[in-house]
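Open the model in your viewer and keep the sequence panel visible. The tour below goes from one selection to the next.

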Amino acid sequence: MTSTSTVSSPSSLPLVDIAGLRKRYGSNEVLKGVDLQVNRGEVVSIIGKSGSGKSTLLRCINGLENFQEGQLTVHGQALQAHNPQAMRELRKNVGMIFQNFNLFPHLSVGRNVMLAPSLVMSQPKNVARANAERLLDRVGLAEKFDAMPDQLSGGQQQRVAIARALAMDPEILLCDEVTSALDPELVGEVLSVVESLAEQGMTLILVTHEMNFARKVSDKVVFMHQGKVHEVGAPEQLFSQPQTPELRQFLGLSAH
Amino acid sequence: MVEFTFWDIAYQLLLALRWTVVLSLIAFVCGGLLGLGLLVLRLSKLPGAVKAVAVYVQVFQGTPLLMQIFLTYFGLALMGFDTSPMVAACVCLTLYSAAYLCDIWRGCVDSVAKGQWEASASLAMSFAEQLRHVILPQALRLGIAPTAGFMVQIIKGTALTSVIGFIEITKAGQLIANATFEPFLVYGCVAALYFVLCFPLSLWSQRLERRMRPQR
């Protein structure tokens with residue numbers, strides 16, 4: 001369990017506060033009481049075996065999945081799944097990047113990035129365009145503004161997806177195995193963009209299989225096992241001194 | 001015995017052809033609008049909406065068009081509306097087209113990857129914005145071929161309205177064949193006219209599909 005700060009002032013309240021979260025698919029309980037806090041500016045990596053509930057947990061945070069029991073609070077506001085207006089406000093502040101990029105194939109790269117701000121935040125076209133150009137430059141794809149998504153490599157598409165999520169100026173970015181669908185040579189370019197976001201103080205929650213990256217960039221690593229948070233700690237401590245046999249086995253360190 | 005020239009026959013058929021075209025267009029446009037409304041209703045997941053639309057579609061897909069035309073014609077009369085065959089034919093074909101088009105387009109929307117819904121939702125887009133800017137443009141691309149295919153079905157379906165006395169080219173063909181005692185010639189011309197309406201439509205839809213597909 002993480003230790004919460006002793007003095008509870010507004011600025012030290014966790015940005016994301018999850019308590020006792022339970023989620024079922026029919027009779028199959030996928031999340032069995034998850035507790036997690038993420039503070040502003042923290043980079044949290046969630047690791048674990050397939051089926052441990054990591055992606056499901058991430059998707060609960062921005063409302064793509066519903067949960068049956070427990071509390072989920074983002075920036076002090078409890079998640080109201082049945083209130084479309086509240087969900088819209090939540091998703092303006094919580095962006096997400098997917099394993100399969102999910103770019104809009106019928107729009108150019110630039111229009112992909114511009115679409116949501118111009119609709120949701122009613123940004124005028126020229127402002128949206130300028131922002132899109134700036135963000136694409138930030139991820140190193142300034143010259144690809146008019147290209148179509150299917151003309152780009154996987155790594156480039158994922159970087160466009162990052163720019164698209166950043167266009168909404170979110171406080172928190174959720175990254176769901178963002179490099180798992182990429183060729184190894186393309187993984188580096190995406191990870192360096194994510195790393196630069198971390199350095200600039202963005203709050204990130206990453207589900208990842210890239211252990212080295214998690215170790216390098218995270219403030220806190222969460223190991224999930226069978227729907228619960230099994231171990232939490234600073235990366236050096238978690239990776240070099242795993243406390244539980246499950247984590248040892250997951251990291252491939254179990255003695256034969 | 002009166003002699004009819006080929007031109008006599010052709011001229012009467014061409015006059016009746018107008019009505020086939022008008023009826024087909026009304027059925028497609030009105031049916032398309034109604035079908036789109038039903039589609040949005042079905043996608044909105046309002047309580048009862050999915051079931052209601054599914055029942056509507058099943059009724060029209062599960063019964064022969066001929067029966068639907070009879071029921072509409074006599075049903076409207078029973079309800080007290082003074083209907084001409086034209087009105088009954090338009091109403092029936094509109095309802096029929098709406099059912100099929102709604103189902104075709106629902107299939108196209110379902111074919112759009114779930115990730116598109118998730119990505120646009122994560123960007124805080126509302127349901128209407130998701131449909132209008134992300135989902136429907138992609139579904140449209142997938143929908144051209146089956147929609148054009150159904151348009152051809154509508155054109156051929158107008159032939160059945162002859163049974164309630166609506167004078168389109170099939171009915172006109174019957175009347176002319178009875179008058180001229182040349183059924184093979186007359187019905188041959190009728191079939192040729194249907195072909196002239198349907199074939200360019202198929203060609204155009206193929207061209208439209210090709211244009212919408214990205215060039216590789």
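How many of the residues of strand β9 (residues 220-225) of chain A are buried? The count is 6 of the 6, so strand β9 of chain A is largely enclosed by the rest of the structure. A residue is called buried if 20 or more other C-beta atoms lie within 10 Å of its own, exposed if 12 or fewer, and partly exposed in between, with C-beta atoms placed from the backbone. Strands (E, at least two residues) and helices (H or I, at least four) are DSSP runs, numbered from the N terminus.

This is a predicted model, in which local features need pLDDT of at least 70, side-chain atom pairs count only at pLDDT 80 or more, and totals for chains, interfaces and linings use all residues. Residues are numbered from 1 along each chain as its sequence is written, while chains are lettered from A and ligands numbered from 1 in the order in which they are written.

**Stop 1: strand β9 of chain A**

Select residues 220-225 of chain A and show the side chains. In a regular strand the side chains alternate between the two faces of the sheet. On one side of β9(A) are A:Lys220, A:Val222 and A:Met224, and on the other are A:Val221, A:Phe223 and A:His225; all are buried.

Add residues 43-48 of chain A, which are strand β3; β3(A) pairs with β9(A) in the parallel sense over 5 bridges. Two strands count as paired if DSSP finds at least two bridges between them. Opposite A:Lys220 of β9(A) stands A:Val44.

Next add strand β10 (residues 228-233) of chain A, which runs antiparallel to β9(A) and is joined to it by 5 bridges. A:Lys228 in β10(A) stands opposite A:His225. The two strands β9(A) and β10(A) form a hairpin with 2 residues between them, and A:Gln226 in the turn has a positive phi of about 50°.

**Stop 2: the rest of the sheet**

Now bring in the other strands. The open sheet has 6 strands in the order β6-β7-β8-β3-β9-β10 of chain A, with mixed pairing. At the edges are β6 (94-97) and β10 of chain A, each of which pairs on one side only. On average, neighbouring strands of this sheet are turned by 20° against each other, direction ignored. Axes here are lines fitted to C-alpha atoms, for helices over the stretch in contact, and angles run from 0 to 180 degrees between N-to-C directions.

Strand β8 (residues 203-207) of chain A runs parallel to β3(A), and 4 bridges join them. Look for A:Ile46, whose bridge partner in β8(A) is A:Val207.

At the edge strand β6(A), A:Val94 and A:Met96 on one side and A:Gly95 and A:Ile97 on the other are all buried. Strand β7 (residues 172-176) of chain A pairs with β6(A) in the parallel sense over 4 bridges, and A:Leu173 in β7(A) stands opposite A:Gly95.

**Stop 3: where the chains touch**

Show both chains. The contact takes 21 residues from chain A and 16 residues from chain B; two residues are in contact if their C-beta atoms, placed from the backbone, lie within 7 Å. On chain A, the elements that give two or more residues to this side are α2 (84-93), β6 and α3 (109-120).

**Stop 4: chain B**

Hide chain A. Chain B has 8 helices and 0 strands. Its C-alpha atoms fill a box of roughly 80 × 50 × 20 Å, taken along the principal axes. Of the 216 residues in chain B, 34% are buried.

Select helix α6 (residues 127-157) and helix α8 (residues 183-212) of chain B. These helices pack at an angle of about 175°, with their axes 9 Å apart. That makes α6(B) roughly antiparallel to α8(B), a term for angles over 145 degrees, whereas under 35 counts as roughly parallel, 65 to 115 as roughly perpendicular and the rest as oblique. Among the contact residues are B:Ala148 of α6(B) and B:Leu201 of α8(B).

Swap α8(B) for α4 (85-111) of chain B. The axes of α4(B) and α6(B) come within 8 Å and cross at roughly 150°, and the two helices are therefore roughly antiparallel to each other. Their contact includes B:Trp105 of α4(B) and B:Phe150 of α6(B).

Finish at B:Ala113, in the loop between α4 and α5 (114-122) of chain B. B:Ala113 counts as partly exposed because 13 C-beta neighbours lie inside 10 Å.
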